[in-house]
Amino acid sequence: MFITFEGIDGSGKSTHVALVAEWLQQQGLSVRVFREPGATPLSEAIRSILLDGRHRISPVAELFLFCAARRQLVEEALRPALARGEVVICDRYADSTIAYQGYGRMLDLAMVERVIGYAIEEVVPDVTFILDLDVNTALSRRGDRASVSADRMEDAPVAFFERVRAGYRAIAERHPERVVLLDATQPVEVLQHHIRGILTARLRVSSSAVVR
Ligand code: TYD
């Protein structure tokens, strides 16, 4: 099973990735967690280019770099893990590119989707959780993380993140069978309860794995 978590910076998705991974491991499942961009040596190298504030990267070049990092991850680690029957959890995946490069940078959505298609082929998540949060709350949560300086992406203006958020909501509307839109202002325990309920139901259907 392939699970992804999405949301604007500061929405709390990494917390939920860690908690879900731990919970699934406790059920005896073999779980792999990847973060995007990253998770393979090449993808991590591309990540440092993408987040380096000294680079001026054109929006289309940015799209290709995110998709290059993703392609490497898919081939080198993600597809093999799924083929072995492992549960894969990604902290961001293709929906980030639609939301950030498509809606945020305002690139042509059909072009963005075509490039993503080349990068991921058939490797589409079974379920995607989008942590939806208003931009000001997300930015102030991010600001609370002491000593974390903004990277190249986080330097974008508020209007950019408003578009990204709207993009995520549009993705949720377009793919109701795959995407679960969560209100990220709810407490972590409430969200986890909801997420685990959904995953329990999906795991029962998709495999013989017993999740209590
Ligand atoms: P990261 O530090 O991992 O952010 P977060 O902790 O919020 O996940 O940095 C990844 C940044 O790259 C983040 O600002 C979102 C952005 N991004 C894109 O613009 N497009 C993409 O396809 C992906 C995967 C990430």
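**Exercise 1. Where is Pro37 found?**

Locate Pro37 in this predicted model, then describe the backbone around the loop that holds this residue.

*Solution.* Begin with the elements on either side: Pro37 is found in the loop between strand E2 (31-35) and H2. Next, look at the peptide bond from Glu36 to Pro37, which is cis, with omega near -10°. Then move on to Ala39, whose place is also in the loop between E2 and H2; although Ala39 is not a glycine, this residue has a positive phi of about 85°.

**Exercise 2. How many helices and strands does the protein have, and in what order do the elements run?**

Work out the overall layout of the fold, and then set the size of the protein against the globule rule.

*Solution.* Counting the elements gives 8 helices and 5 strands. Reading from the N terminus on, the elements follow the order β-α-β-α-α-β-α-α-β-α-α-β-α. The radius of gyration of the protein is 17 Å, close to the 17 Å that the globule rule gives for 212 residues, so the protein is as compact as a globular protein of that length. As a last step, take the principal axes, along which the C-alpha trace of the protein spans about 50 × 35 × 35 Å.

**Exercise 3. Which residues are closest to the ligand, and which helices supply the shell around the ligand?**

Build up the surroundings of the ligand, going from the list of residues to the individual polar contacts.

*Solution.* In all, 15 residues surround the ligand, and the closest are Asp9, Lys13, Arg92, Thr97 and Gln101. Sorting the shell by class gives 5 nonpolar, 3 polar and 7 charged residues. Turning to the secondary structure, helix H2 (41-51), helix H3 (59-83) and helix H4 (94-104) each supply at least two residues of this shell, and H4 gives the most, with 4 residues.

The polar contacts come next, for which an N or O pair must lie within 3.5 Å. A polar side-chain atom of Gln101 lies 2.8 Å from a nitrogen atom of the ligand, while a polar side-chain atom of Arg47 lies 3.0 Å from an oxygen atom of the ligand. For Arg70, an N or O atom in the side chain is 3.1 Å from an oxygen atom of the ligand. Finally, consider the cover: of the 550 Å² of accessible area that the ligand has on its own, the protein covers 92%.

**Exercise 4. Over which ring does the charged end of Arg70 sit, and which residues do ring pairs link into a cluster?**

Examine the aromatic rings of the model, starting from Arg70.

*Solution.* The charged end of Arg70 sits over the ring of Tyr93, at 5.4 Å from the ring centre. For pairs of rings, the centres must lie within 6.5 Å, and by this rule the count comes to 5 aromatic pairs. Following the links from ring to ring, one finds Tyr100, Phe160, Phe161 and Tyr168 joined into a cluster.

**Exercise 5. What does the side chain of Asp108 reach?**

Place Asp108 along the chain and in space.

*Solution.* Asp108 is found in the loop between H4 and helix H5 (109-120). The side chain of Asp108 reaches the backbone nitrogen of Met111 at 2.9 Å. Looking further along the chain, Asp108 and Val60 are 48 residues apart, and their C-alpha atoms are separated by 9.9 Å.

Methods
Residues are numbered from 1 along each chain as its sequence is written. This is a predicted model: local features need pLDDT of at least 70, side-chain atom pairs count only at pLDDT 80 or more; totals for chains, interfaces and linings use all residues. Side-chain values use heavy atoms; hydrogens and water are left out. Rings of Phe, Tyr and Trp (its six-membered ring) pair if their centres lie within 6.5 Å; planes under 30 degrees apart count as stacked, over 60 as edge-to-face and the rest as tilted. A charge sits over a ring if NZ of Lys or CZ of Arg is within 6 Å of the ring centre and within 35 degrees of the ring normal. A residue is near a molecule or strand if one of its heavy atoms lies within 4 Å of it. A polar contact is a pair of N or O atoms within 3.5 Å; within protein, one must be able to donate a hydrogen and the other to accept it, and residues adjacent in sequence count only if both atoms are side-chain atoms. Accessible areas come from the Shrake-Rupley method with a 1.4 Å probe; for residues, only the protein chains shown count as cover. Ala, Val, Leu, Ile, Met, Phe, Trp, Tyr, Cys and Pro count as nonpolar, Asp, Glu, Lys and Arg as charged, and the others, Gly among them, as polar. The radius of gyration is taken over C-alpha atoms; the globule rule is 2.2 Å times the number of residues to the power 0.38.
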